[in-house]
Every structure is written in structure tokens, then in C-alpha cells.
Amino acid sequence: MTSTTHSPFAEAVVAFGRRLKESGFAVSPPTVMDALEGVRRVGMENPQVFKTVLKAIFMTRVEETPTFERLFAEFWLDRRDVEGETGPGQGEEGDSADDEQTASGEMGFIAESGEADSQGDEAAVPQPCVIYSPQEVLRKRDFKNLPDGHDDLVTQLIREIVAPLARRSAFRKRPATSGVTVDFRRLLRRSSAHGGEILELPRLKPRVRIKKIVFLCDVSGSMNPYLMFILRFIKELHALPTRVETFVFATRLHRITPLLARLPFHQALEQISDSVADWSGGTRIGSCLTEFTTRHGGEMLRPSTVVLIHSDGWDRGDPELLSRAMATIRRRAYRVIWINPLLGGPSYEPTCRGMKAALPFLDSFLPGHNLAGLEQVAGTLRAVL
């Protein structure tokens with residue numbers, strides 16, 4: 001039986017468990033340990049058995065089956081062209097063969113031929129080679145370095161990042177006098193107090209701790225490589241049972257909520273870029289945030305509001321103005337989250353004056369340079385919904 005203690009393979013199982021958890025599965029460290037032990041016991045020679053073991057351990061509800069099947073295929077499929085390269089000696093026919101193998105749904109294990117042992121009568125046991133899918137590579141690639149042709153896939157992955165937020169909101173319930181869901185626990189308690197007679201049907205409705213999300217998005221020239229992706233992320237947030245307000249700014253503040261909420265994404269993006277005169281221009285973050293607090297703060301800044309600001313912090317205005325605006329937002333909102341794509345760089349330091357002025361007033365400072373960064377943002381939101 002092939003051992004699964006091979007470090008890259010164990011790391012892959014752990015990474016797969018993390019991917020499931022990010023998609024809403026109830027995965028805990030003991031669950032991952034059970035998965036490693038289960039695979040160790042059954043081995044890896046039979047891909048279908050391997051998949052069945054992971055499904056039995058990681059899945060808790062039958063409704064999770066379609067999501068598990070898709071994530072399993074994305075993570076474990078054998079795709080040798082992950083980085084857009086083919087193996088030596090492969091031409092167009094080799095690419096076609098790989099595509100056919102992927103379409104057939106086979107798992108991503110490649111049996112590497114071992115050399116014969118010293119007696120020459122028994123070949124070494126083939127060792128598995130874990131191959132990560134293109135989606136896994138895509139999660140960690142900076143948006144500014146994404147090649148063309150990935151829009152549909154990125155859109156699908158962003159939807160999946162946001163989906164657990166909607167599911168969590170749906171699971172959180174509170175007692176109510178009206179609603180479509182019957183509270184069976186209260187029903188049993190009350191009926192037992194009246195000899196089993198049902199006098200009323202107690203109801204449940206969704207519990208929404210956060211009633212509003214306000215997104216302030218920097219559309220200055222330095223943010224261009226990231227705008228389409230963050231606006232797509234915001235567009236998907238409109239599926240939540242929470243009011244979402246969106247503003248863009250460079251040197252002036254512009255409310256774009258109606259466009260983003262009612263139009264298809266690419267049409268909304270086109271109209272937004274046409275209607276915002278300072279799109280891809282300079283940046284006056286302090287002035288724009290002050291305009292937001294003055295004109296919209298009374299309505300939108302409440303103890304149940306989460307404010308997200310997407311900017312690299314490069315401000316051409318007065319940092320004191322930014323500091324005062326951030327103090328107002330922090331004092332009146334429930335949470336303040338700043339998303340900075342530059343934070344994803346290994347050597348980044350928040351030394352620009354705008355970022356230094358804003359940092360003392362943040363609850364969370366997160367990267368937004370790739371899909372993994374957006375997953376961190378979604379996880380932070382999930383904790384407060």
C-alpha cells in the first residue's frame with residue numbers, strides 16, 4: 001500500500017481541507033487528521049476509493065455533494081499545463097490528450113516509474129505526484145499578472161468566495177412573529193405545556209447582525225489593475241441579505257450603488273467608468289472620505305455598519321484631513337476594514353503618508369491583490385454577519 005506520509009501529499013490534503021472550509025464546509029483540524037488517517041489506511045492506488053474517503057470525512061450534508069464534486073475535480077485533476085507549459089516533447093497532440101484526460105474526470109496522480117531493485121526482479125512501487133489544478137495556481141496569482149482569457153473562471157471563483165457569506169446569513173435565525181420558517185423547538189416546548197395542543201406556529205427569520213456594508217473604492221490610476229476584480233467582488237456581495245452601498249473616488253466621491261445593483265457587471269463597469277470624470281486620475285483620499293462622512297455619514301455610519309476601503313493609500317492631499325475622516329468613520333461604524341493590494345507584496349511597508357494616517361483607525365488591514373486575498377476579506381466579513 002502506498003504511504004501517504006509523503007510530505008507534499010499530506011500538505012495537499014491539508015490544503016484541500018482548507019479549500020473546502022473556505023467554501024463553507026465544516027472542516028476542523030481533527031477532520032483533516034481523520035482524512036489523512038483514512039487515506040493512509042486505504043491507500044492511493046484506487047482514485048475512486050481515495051475520493052470516497054475524502055467525501056465521507058469532509059461532507060456533513062447531502063446538499064454539499066455538488067460543491068464537493070466540483071472542488072475535488074478542480075483541486076486534484078491532473079493538469080500538467082498549470083503554468084501554461086507542456087512537458088518536453090509535447091506538441092499540439094500532447095495538449096489535446098491532456099484536455100481529453102481532464103474532461104474524463106481522472107484524478108491528478110501520476111505514477112512515476114521506479115527503478116528496479118538490486119535483485120532486478122521487482123519494480124519499485126510507483127510514488128504519487130500531487131498536481132495542483134490551474135484554479136489553485138490562479139488563487140495565488142496577483143491580479144495585475146493574470147493572463148487574458150481568465151475572466152469567466154475568475155468570476156466563478158469570486159462567486160464561490162462570496163457564497164459562504166450568503167449561506168451563513170441564511171443559517172442565522174431569530175424568533176419572529178412572522179416568517180416562512182417554523183421554529184419547531186419553540187413549537188414543541190409550547191405544545192407540551194398545553195397537553196400537546198398546538199395553539200400557534202412560532203416563526204423564525206434571518207438574523208442579520210450587520211445591516212449595512214459600505215464600500216469605498218479608490219479608482220485612481222495606481223489602482224487600475226485591481227478595479228475590475230474588486231468591483232466584481234462588490235457586485236457579488238449584493239446577493240447578501242444586507243444593504244450594500246458602494247462609492248468610488250479619486251479626487252471626488254461618486255455613489256455607484258444603483259448601477260452596480262441593477263445592471264449586468266460589464267455594462268455597469270462601462271457606465272461607471274464613463275460617468276466618473278476622475279477615473280484613473282489622481283487621489284485625494286482625505287477629501288473624499290470627508291465628503292462621505294459629511295454628506296452620507298448621518299445615514300450610513302451606524303453601529304451596525306461595516307466600512308470597507310479599497311486603496312493603496314497614496315494620497316496627494318492633507319494627511320490630517322484623512323486622519324480626521326478616518327477617526328469619524330471608526331467612531332461611528334461597527335468595523336473598518338482597509339484592503340490594500342500592495343500588502344500582498346513580500347517587502348511592502350505602509351510608509352506612504354496616507355496609509356500611515358489611516359492605520360490607527362483600522363480593525364483589519366488586508367491584501368486584495370489576488371483571489372486568496374479576497375478570501376481573507378470574505379472570511380473577515382463572515383465573522384461579523
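**Exercise 1. Find out whether E37 is buried, partly exposed or exposed, and which side chain it pairs with.**

Solution. Start with the accessibility. In this predicted model, E37 has a relative accessible area of 30%. Buried would need under 20% and exposed over 50%, so E37 lands in the partly exposed class.

Next, look for a partner. The side chain of E37 forms a salt bridge with that of R40, at 2.7 Å from N to O. R40 is partly exposed too, with a relative accessible area of 36%.

Last, place the pair on the chain. Both sit in helix α2 (residues 29–42), and because they are three residues apart there, about one helical turn separates them.

**Exercise 2. Work out which helices are joined by the salt bridge between E69 and K55.**

Solution. First, check the pair itself: the side chains of E69 and K55 meet at 2.5 Å, N to O. E69 belongs to helix α4 (residues 65–76) and K55 to helix α3, with their positions 14 residues apart, so this bridge ties together distant parts of the chain.

Then check how open the two ends are. E69 comes out at 26% relative accessibility, which makes it partly exposed. K55, at 24%, is also partly exposed.

**Exercise 3. Compare the end-to-end span of α3 with the expected one, then say where its buried residues sit.**

Solution. Begin with the length. Helix α3 (residues 47–58) has twelve residues, which should span 16 Å at 1.5 Å a residue. Its end C-alpha atoms are 17 Å apart, in agreement with that expectation.

Now pick out the buried positions: F50, K51, V53, L54 and F58. Around the axis they take up an arc of only 160 degrees, so they are on the same side of α3.

**Exercise 4. Do the same for α4: how far does it reach, and how are its buried residues arranged?**

Solution. From first C-alpha to last, the twelve residues of α4 reach 16 Å, close to the 16 Å expected at 1.5 Å a residue.

The buried set here is F68, L71, F72, E74, F75 and W76. Viewed down the axis of α4, these residues stay within an arc of 165 degrees and therefore line one face of the helix.

**Exercise 5. Describe the surroundings of E64.**

Solution. Step one is location: E64 is in the loop between α3 and α4. Step two is accessibility. With a relative accessible area of 5%, under the 20% cut-off, E64 is buried.

Step three is to list polar partners. A polar atom of the E64 side chain lies 2.9 Å from the backbone nitrogen of T60. The E64 side chain also meets that of R61 in a salt bridge, at 3.4 Å from N to O. Here's the general idea: oppositely charged side chains can pair when their charged atoms come close. R61 is partly exposed, with a relative accessible area of 33%.

Step four is to set aside neighbours within four places in sequence. The contacts of E64 are then F25, F58 and M59. Recall that F58 is one of the buried residues of α3.

**Exercise 6. Place S275 in the structure and find what its side chain approaches.**

Solution. S275 is in helix α11, which covers residues 265–275. Its relative accessible area of 48% makes S275 partly exposed.

Now for the side chain: one of its polar atoms is 3.2 Å from the backbone oxygen of I272. For a look further along the chain, take H254, which is 21 residues away in sequence; its C-alpha atom is 9.1 Å from that of S275.

**Exercise 7. Take stock of the whole protein: how many salt bridges and disulfides are there, and how much is buried?**

Solution. Count the salt bridges first: the whole structure has 18. Among the residues involved, R19, E22, R139 and E375 are linked in a network.

Then the disulfides. Counting cysteine sulfur atoms within 2.5 Å of each other, you get zero. Two cysteines to look at are C217, buried at 0% relative accessibility, and C288, buried at 1%.

Finish with the overall picture. The protein has 16 helices and nine strands. Of its 385 residues, 45% are buried. For contacts between residues at least 6 apart in sequence, 74% join residues at least 24 apart.

Terms used: Residues numbered from 1 in each chain as written. Predicted model: local features only at pLDDT ≥ 70, side-chain atom pairs only at ≥ 80, totals over all residues. Heavy atoms only, no water. Helix = DSSP H or I, 4+ residues; strand = E, 2+ residues; numbered from the N terminus. Buried < 20%, exposed > 50% of the residue type's maximum accessible area, 1.4 Å probe, protein only. Polar contact = N/O pair within 3.5 Å; in protein donor to acceptor, adjacent residues only side chain to side chain. Expected span 1.5 Å × (residues − 1). Arc of directions from axis to C-beta. Salt bridge = Lys/Arg side-chain N within 4 Å of Asp/Glu carboxyl O. Contact = heavy atoms within 4.5 Å.
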